[in-house]
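Visitor: I am new to this structure and should be grateful for a close look at a single part of it. Kindly take the strands and the helices that connect them.

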Amino acid sequence: VSGRDCILFDDIVDSAGTLCNAAEALKKAGASSVAAYVTHGVLSGKAIERVSKSALSSLVICDTIPLTNIAKST
């Protein structure tokens, strides 16, 4: 992955711990950037804060679960 733009795909992101850890691992392996695309965005607890502070360059979520205004703006 060194020098590459990486994309993570997942079916659901709840607390975002696994997703953020995967992004961090890719960055440590030399990825230029890491974006994530998720079908269901639960985003419970501190998920939004975790994603905001993560190595992810972007997070795209389908509209299968209504997002709060806070989630939409980050």
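What kind of unit do E1, H1 and E2 make?

Guide: In this predicted model, E1, H1 and E2 form a β-α-β unit that is right-handed. The two strands of the unit, E1 and E2, run parallel and are joined by eight bridges. Within this pairing, Phe-9 has Tyr-37 of E2 opposite it.

The strand E2 also pairs with E3, which covers residues 58-61; this pairing is parallel too and has four bridges. Here Ala-36 has Leu-59 in E3 as its bridge partner. Between these two strands the chain passes through H2, and this β-α-β crossover from E2 to E3 is likewise right-handed.

The same elements can be followed into the nonpolar interior. The largest nonpolar core comprises 17 residues, and those with the most contacts inside it include Leu-8, Leu-19, Val-34 and Leu-56. At least two core residues come from each of E1 (5-13), H1 (17-28), E2 (33-41) and H2 (47-52). H1 provides the largest share, namely four residues. Leu-8 illustrates how residues meet here: leaving aside residues up to four places away in sequence, Leu-8 touches, among others, Leu-19, Ala-22, Leu-26, Val-34, Tyr-37 and Leu-56.

The loops deserve attention as well. Ala-16 is found in the loop between E1 and H1. Although Ala-16 is not a glycine, its phi is positive, at about 75°. Ala-16 is also listed among the residues with the most contacts inside the largest nonpolar core. Its relative accessibility is 3%, and therefore Ala-16 counts as buried, the limit for that class being under 20%. The loop between E2 and H2 contains Leu-43, another residue that is not a glycine and yet has a positive phi, of about 50°. Leu-43 is buried because its relative accessible area is 13%.

One charged pair completes the description. The structure contains one salt bridge, in which the side chains of Glu-49 and Lys-53 meet at 3.0 Å, N to O. In general, side chains of opposite charge can pair when their charged atoms come close. With a relative accessible area of 41%, Glu-49 is partly exposed, whereas Lys-53, at 65% relative accessibility, counts as exposed.

Definitions and conventions:
Residues are numbered from 1 along each chain as its sequence is written. This is a predicted model: local features need pLDDT of at least 70, side-chain atom pairs count only at pLDDT 80 or more; totals for chains, interfaces and linings use all residues. Side-chain values use heavy atoms; hydrogens and water are left out. A salt bridge is a side-chain nitrogen of Lys or Arg within 4 Å of a carboxyl oxygen of Asp or Glu. Buried means under 20% relative accessible area, exposed over 50%, partly exposed in between (1.4 Å probe, protein chains only). A nonpolar core is a set of buried Ala, Val, Leu, Ile, Met, Phe, Trp, Tyr and Cys residues joined through side-chain atoms within 4.5 Å. Contact means heavy atoms within 4.5 Å. Two strands pair if DSSP finds at least two bridges between them. A crossover is right-handed if, with the strands pointing away from the viewer, the path from the first strand over the helix to the second runs clockwise.
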